[in-house]
Amino acid sequence: PAAHGYSTGSSRHPWRQHAAEVDMSTAGASGISGDSYTVSVADRKYFEENGFVLLKQVVTEQELQTIIEPVYLKFMNGEVHVPGKDLCDMSGAHGRTPAEFSVYNVMLPRIYYPAWQGNVLEQRCKAIADQLRGGDMHIDFDQIFAKRASSADSAFLWHQDAAYWPPLESDTAAANCWLALSNVTKENGCLRYVPGSHLEPQLRRHRPVGKTREQSHAICTDVDESADRVVDVPAARGDVILHHERTLHCSHPNLSGEWRHAYILNLRKAACIAEERALGFNHSHNTQLNWDVFNKWS
């Protein structure tokens, strides 16, 4: 744990509002209800209008320490074998060892550690996704994202999640649930959004961060921050930020003195997941795909 600067304390990066950050003070009283989570009418409306919403304390401190972090740390410390490219540096750098990664990324951790499946976070994220995306939402994939301290190259560039995925015939509604395991600020790499961008009629054109998708899985698009309204969304440890698959987002680099930790669950409709799998698409970076065919909008 010490190698990754992991801290469960809440005082070292206190959550605070800045003038340029999104104001969620008018959001309704969403909250935990047993193993479920109830999203308020105000928060549902916010999501519909903006394409993202910050939901406070989706998991408690005790649940983080006893259910989520013990397994998360197994991956961070290399105690669980992750084959091939499913353990990678999403900063786009090549030739680094895991101990040198700027953006420590693990694809499909719940597949590589099945005992994690069905935990309270998964149950609550499904409840949230069902409320915000019309029901029948199921886990498609999960992902660990950790940004190294003082890593100027750990910024994640502007993109829309839907640009990573093949075009499908079924309903492609998705709910990306981003759990903060650190207190997340602008300094250590909080998410940034273009509110309302999920309502644009077409996906923006994306391109690989590297020369090809095979060289660097990450993709990016262009956002003119002088024309598009951009907001930062800090989050407290245990909060979840949920966004729409078409919402433009990125994140700041981690310029703080500690690692920034996050975990993602992405949920989609059952028919959509079945169609993906029938095409051989399972979100593993080890899957051999013709990206030019799948990403017709690139």
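A salt bridge is a side-chain nitrogen of Lys or Arg within 4 Å of a carboxyl oxygen of Asp or Glu. The structure shown here is a predicted model, and 18 salt bridges are found in it.

Q: What makes the meeting of R192 and E225 a salt bridge?
A: The side chains of R192 and E225 come to 3.1 Å, N to O. The cut-off is within 4 Å, and 3.1 Å satisfies it, so the pair is called a salt bridge.

Q: How do you know that R192 and E225 link distant parts of the chain?
A: They are 33 residues apart. R192 belongs to strand 9 (residues 191-193), whereas E225 lies in the loop between strand 11 (219-220) and strand 12 (231-233).

Q: Is R192 called buried or exposed, and why?
A: The relative accessible area of R192 is 14%. Buried means under 20%, so R192 is buried.

Q: Why does E225 receive its label at 43% relative accessibility?
A: The value of 43% for E225 is neither under 20% nor over 50%. E225 therefore counts as partly exposed.

Q: How do you know that R204 and E200 form a salt bridge?
A: The closest N and O atoms of R204 and E200 are 2.6 Å apart, and this is within 4 Å. R204 has 17% relative accessibility and therefore counts as buried. E200 has 23%, and so it counts as partly exposed.

Q: What makes R268 and E276 a salt bridge?
A: Their closest N and O atoms stand 2.5 Å apart, which is within the 4 Å cut-off. R268 has 2% relative accessibility and so counts as buried; E276, at 0%, counts as buried too. Salt bridges that share partners join D140, R268, E276 and R277 into one network.

Q: Where is E122 placed, and which label does its accessibility give it?
A: E122 lies in helix 4 (residues 120-133). Its relative accessibility is 6%; the limit for buried is under 20%, so E122 is buried.

Q: Why is the approach of the E122 and R110 side chains called a polar contact?
A: The two side chains come to 2.8 Å. The limit for such a pair of N or O atoms is within 3.5 Å, so the value meets the cut-off. With neighbours within four places in sequence left aside, E122 is in contact with R110, W116, Q117, I139 and L265.

Q: How do you know that the span of helix 4 agrees with its number of residues?
A: Helix 4 has 14 residues, and at 1.5 Å a residue they should span 20 Å. The end C-alpha atoms are 20 Å apart, so the two values agree.

Q: What makes helix 4 mostly covered?
A: Of its 14 residues, 10 are buried. Among them are V120, L121, E122, R124 and C125.

Q: What is found at the start of helix 4, and what follows the helix?
A: At the start, a side-chain oxygen of N119 reaches to within 2.9 Å of the backbone nitrogen of L121. After the helix comes G134, whose phi is positive, near 85°.

Q: Why are strand 3 and strand 4 said to stand at the edges?
A: Seven strands form an open sheet in the order 3-13-8-15-6-5-4, with antiparallel pairing. Strand 3 (52-55) and strand 4 (87-89) each have a single partner strand, so one side of each is left without a neighbour in the sheet. From one strand to the next, the twist averages 20°.

Q: How do you know that strand 5 and strand 6 pair?
A: Strand 5 (residues 103-107) and strand 6 (residues 137-147) are joined over 5 bridges in the antiparallel sense. Pairing requires at least two bridges, so the 5 bridges satisfy the rule. One of the bridges sets N105 opposite F145 in strand 6.

Q: Which helix packs on the sheet by touching strand 3 and strand 13?
A: This is helix 1 (residues 41-50), and its direction makes about 150° with that of strand 3. Helix 2 (residues 61-76) also packs on the sheet, touching strand 5, strand 6, strand 8 (174-180) and strand 15 (260-269).

Q: What makes strand 7 and strand 12 edge strands?
A: In an open antiparallel sheet, 4 strands follow the order 7-14-9-12. Strand 7 (156-159) and strand 12 each have a single partner strand, so one side of each lacks a neighbour in the sheet. The twist averages 25° from one strand to the next.

Notes. Residues are numbered from 1 along each chain as its sequence is written. This is a predicted model: local features need pLDDT of at least 70, side-chain atom pairs count only at pLDDT 80 or more; totals for chains, interfaces and linings use all residues. Side-chain values use heavy atoms; hydrogens and water are left out. Helices (H or I, at least four residues) and strands (E, at least two) are DSSP runs, numbered from the N terminus. Buried means under 20% relative accessible area, exposed over 50%, partly exposed in between (1.4 Å probe, protein chains only). A polar contact is a pair of N or O atoms within 3.5 Å; within protein, one must be able to donate a hydrogen and the other to accept it, and residues adjacent in sequence count only if both atoms are side-chain atoms. Contact means heavy atoms within 4.5 Å. Axes are lines fitted to C-alpha atoms, for helices over the stretch in contact, and angles run from 0 to 180 degrees between N-to-C directions. The expected span of a helix is 1.5 Å times one less than its number of residues.
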